[in-house]
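Please look through the model shown below, with attention to how its helices, strands and pockets are arranged. The report that follows takes these topics in turn.

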Amino acid sequence: MILRAAYHLSLTNSPGKCLSLSERPSTVTIFTAIGLMSGTSMDGIDVALVKTDGQSMVERGPAIEIPYSVDVRRLIEVGLEAAKEIEYDRTARPGGLAYLETLLTDHHADAVSQFLDRFNIAAQTVDFIGFHGQTVLHRPDVGVTVQLGLGKHLAAATGIDVVYDFRANDMRHGGQGAPLVPVYHRALADGVWSERRTPVAFVNIGGISNITWIAPEGDLFAFDTGPGNALIDQWLQQEAGIPLDQGGLIASEGRYHKSVLEAYLELPYFSLSAPKSLDRLDFEPLKPGVLELSDGARTLARLTAEAIIKGCEHLPEMPERFVICGGGRKNAAIIADLAELADAKGAQVDAAETHGFDGDAMEAEAFAYLAVRSHLGLPLTYPNTTGCREAVSGGVEASVMS
């Protein structure tokens, strides 16, 4: 059931927008949407609620994270290996992927149920769920991306219409299928810096890091910069059976090895022009025993920071500030290195919370926002965010009535 509220928006009250008049009607409908995100860190499901017109109006609601159990994380890791068998048919589910897809969809349905119960929200008041699914393969070079998640199954389980499969249409139009969040970053930036005179950048540090550069007039430029937390997590799991470097404490005890760092930074990806995107497995993990545990963590943390700043070589100009979201903002080693490197370029680094954002929930919020844009047929991606030939919408809508 769609519950809508309308308000009137003067076209003259939208400074800094890079939208056509057809994207900015004088009467706008406000939708309530829940966004679900399970990222490349594979640590759980983020759930967030947003009220939005799919354009400039964004009212952020509550958010929670539902962690995956160790067993589910292991199943996803096995699924990543199975997904390597997929070549061109993104609907193929070799190995145990079909079972995993149903299991993960059920986990997302349970996450929605927990969210609604915790915040006393009636399902009937929610218009859409934006369901990203779990990425197990991303190969833009051959036009294949696979996110596990059954949209119709989730709609039936929750009683709420679901928008899913956000990436495929972009790739059909020549895009990389990622990143998808930049248009939401622009909406947030316009809410805080509506009259900014210099560019601002949002950086999400998840398993992979990506950057969104936003010009004062609203033009977007975005791409994946390189490793985020994934290589660090792999290193610690491999060497010590530890799932992650909580707060960067392990890295803080080590020193980075310049030769190892430079070997990574010389890889061809970093010299490729943007837009460009990555799969979680595109970078080889450190070889076992090549470094002491803390030195390995420290080197990989430095790599994350260096890759972000190196990526700025592909931007039209250096941003004035970096707004950091995602789990990597909690790694003190990454943030200290990033702040040092940014300062040398005349830029500052802020945690998302500095500006009233929720750095943990931002991607889930984005998929709530994108669900509404998809429903309205508004663009999700642009030539300078994914490399698509023209701005395109995307997503598939599964209605509980169908």
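## Contact between two helices

In this predicted model, helix α2 meets helix α3 through T102, T105, D106, H108, A109 and V112 on the α2 side, and through H153, L154, A157 and T158 on the α3 side. Sorted by class, the residues of this contact comprise four nonpolar, five polar and one charged.

The two helices span residues 97–118 for α2 and residues 151–158 for α3, and their axes come within 9 Å of each other while crossing at roughly 35°. The crossing of α2 and α3 has a right-handed sense.

## The five-stranded sheet

An open sheet is formed by five strands, which follow the order β10-β9-β8-β11-β12 with mixed pairing. Because β10 (220–227) and β12 (348–351) stand at the edges and each has a single partner strand, one side of each is left without a neighbour in the sheet. Neighbouring strands are turned against each other by 25° on average, with direction ignored.

Within this order, strand β8 (residues 200–205) pairs with strand β11 (residues 321–325) in the parallel sense, over five bridges, and F202 is placed opposite V323 in β11. Helix α5 (residues 182–192) lies across β8, β9 (208–214), β10 and β11, and its direction makes an angle of about 50° with β9.

## The largest pocket

The largest pocket has a volume of about 950 Å³. Its lining consists of 47 residues, and those nearest the centre of the pocket are S41, I205, G206, G207 and G327. By class, the lining of the largest pocket divides into 13 nonpolar, 21 polar and 13 charged residues.

Several strands and helices take part in this lining: at least two residues each come from the strands β2 (27–38), β3 (44–52), β5 (128–139), β8 and β9, and likewise from the helices α6 (230–240) and α11 (362–376). Two of these contributors, β8 and β9, also belong to the open sheet described above.

## The second largest pocket

Which residues line the second largest pocket? The lining is made up of M42, V70, R73, R74, E77, D233, Q234, Q237, Q238, P243 and R280, and the space in this pocket comes to about 290 Å³. Helices α1 (70–83) and α6 each supply at least two residues of the lining, and α6 does so for the largest pocket as well.

By class, the residues around the second largest pocket are three nonpolar, three polar and five charged.

## Backbone details in the loops

Where do the cis peptide bonds before P179 and P275 lie along the chain? A178 is joined to P179 by a cis peptide bond with an omega of about -10°, and P179 belongs to the loop between α4 (168–172) and α5, the latter being the helix that lies across β8, β9, β10 and β11. A cis peptide bond also joins A274 to P275, here with an omega of about 0°, and P275 is found in the loop between α8 (258–265) and α9 (293–311).

A further backbone detail concerns N120, which has a positive phi of about 55° although it is not a glycine. N120 is located in the loop between α2 and β5; of these two elements, α2 takes part in the crossing with α3, while β5 supplies at least two residues of the lining of the largest pocket.

Definitions and conventions. Residues are numbered from 1 along each chain as its sequence is written. This is a predicted model: local features need pLDDT of at least 70, side-chain atom pairs count only at pLDDT 80 or more; totals for chains, interfaces and linings use all residues. Side-chain values use heavy atoms; hydrogens and water are left out. Axes are lines fitted to C-alpha atoms, for helices over the stretch in contact, and angles run from 0 to 180 degrees between N-to-C directions. Helices (H or I, at least four residues) and strands (E, at least two) are DSSP runs, numbered from the N terminus. A crossing is left-handed if the near helix is turned anticlockwise from the far one by less than a right angle, and right-handed if clockwise. Contact means heavy atoms within 4.5 Å. Ala, Val, Leu, Ile, Met, Phe, Trp, Tyr, Cys and Pro count as nonpolar, Asp, Glu, Lys and Arg as charged, and the others, Gly among them, as polar. Two strands pair if DSSP finds at least two bridges between them. On a 1 Å grid over the protein atoms alone, a cavity is a set of points where a 1.4 Å probe fits but cannot get out, and a pocket is an open set with protein on both sides within 12 Å along at least five of seven lines; lining residues have an atom within 4 Å of a point. Grid points are joined across faces, edges and corners, and a volume is the space filled by probe spheres set on the points.
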